[in-house]
Amino acid sequence: DGARWAAYAELGPGAGEQRATLVVDGKNLGPFLRVDHRVDGDSWYAIAERKERSAVQRMVVLGDKVFGPYDDVVDQFRDELSGTIAIVAVRKGQSWLLAAGKENGPYERVEPVRDRTGRSIGWVSYGKTGAELMIAGRKYGPFDDVRAHDAWISVDLSSWMLVARRKDGEVLLRDGKETAYD
């Protein structure tokens, strides 16, 4: 829409070891050792590395917000239903989900919900209460487990289906409606 902008710049040799920076809407977010930035449709994000006390830490830039530091960034995906970029980062063995301008967590782990072609429509977060599914802004669960990488998604994104498990058996979850099955 032309209302927001971002620029990547390499700083000169006098800047020392951390020579990369991002400028977002006029605000300098650096310096960083390295910046990996990606555009996905009308959204963008960056993963930047910063050296602090001899350790390299990763920061995530979504919009004009910097999240982190993290030990690692383990997954990035686009939620096809909402158009949201989601990023999974790890700090001290716990997973954090960055989506829609917010940091959510900590969780034991976070996985995108994907079909066999790699399209994603949400995510499942594993925590103390079990596995919670988030699709199109709606929560489902808790479940004991979710087959997050074996979802079925219609070509036009109007329908989805996956399998989840609870102690009393497996559940077919189609468009949010649960059906227990053998």
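Visitor: Over the face of which residue does Arg91 lie?

Guide: A charged group counts as sitting over a ring when NZ of Lys or CZ of Arg is within 6 Å of the ring centre and within 35 degrees of the ring normal. In this predicted model, Arg91 lies over the face of Trp96, at 4.7 Å from the ring centre. Another such case is Arg109, placed over the face of Tyr126 at 3.7 Å from the ring centre.

Visitor: How many aromatic pairs does a search of the whole structure find?

Guide: The search finds two aromatic pairs.

Visitor: I should like to turn to sheets. In what order do the strands of the open sheet stand?

Guide: Strands of a sheet pair through backbone hydrogen bonds, either parallel or antiparallel. Here four strands make an open sheet, ordered S4-S5-S6-S7, with antiparallel pairing. Strand S4 (34-40) and strand S7 (65-70) each have a single partner strand, so one side of each is left without a neighbour in the sheet. On average, neighbouring strands of this sheet are turned by 20° against each other, direction ignored.

Visitor: How many bridges join strand S6 to S7?

Guide: Four bridges connect S6, residues 55-62, with S7, and the two run antiparallel. As an example, Arg58 has Tyr70 in S7 as its bridge partner.

Visitor: Which strands form a hairpin, and how many residues lie between them?

Guide: The hairpin consists of S19 and S20, with two residues between them. Five bridges join S19 (residues 169-174) to S20 (residues 177-181), and these strands run antiparallel. Within this pairing, the bridge partner of Glu170 is Tyr181 in S20. In the turn, Asp175 has a positive phi of about 50°.

Visitor: Where is Thr84 placed, and which side chain does its own side chain join in a polar contact?

Guide: In a regular strand the side chains alternate between the two faces of the sheet. Thr84 belongs to strand S9, residues 84-91. A polar contact of 2.8 Å links the side chains of Thr84 and Ser82. Leaving out residues up to four places away in sequence, Thr84 touches Phe77, Arg78, Asp79, Ala99 and Ala100.

Visitor: Arg78 appears in that list. Which residues is Arg78 in contact with?

Guide: Arg78 is part of strand S8, residues 72-79. Neighbours within four places in sequence aside, its contacts include Asp40, Gly41, Asp42 and Ser43, as well as Gly83, Thr84, Ile85 and Ser120.

Visitor: How far apart are Arg78 and Gly105 in sequence and in space?

Guide: Arg78 and Gly105 are separated by 27 residues in sequence and by 19 Å in space, C-alpha to C-alpha.

Key: Residues numbered from 1 in each chain as written. Predicted model: local features only at pLDDT ≥ 70, side-chain atom pairs only at ≥ 80, totals over all residues. Heavy atoms only, no water. Pairing = 2+ DSSP bridges. Axes fitted to C-alpha atoms, helices over the stretch in contact; angles between N-to-C directions. Polar contact = N/O pair within 3.5 Å; in protein donor to acceptor, adjacent residues only side chain to side chain. Contact = heavy atoms within 4.5 Å. Phe/Tyr/Trp six-rings, centres within 6.5 Å; stacked < 30°, edge-to-face > 60°.
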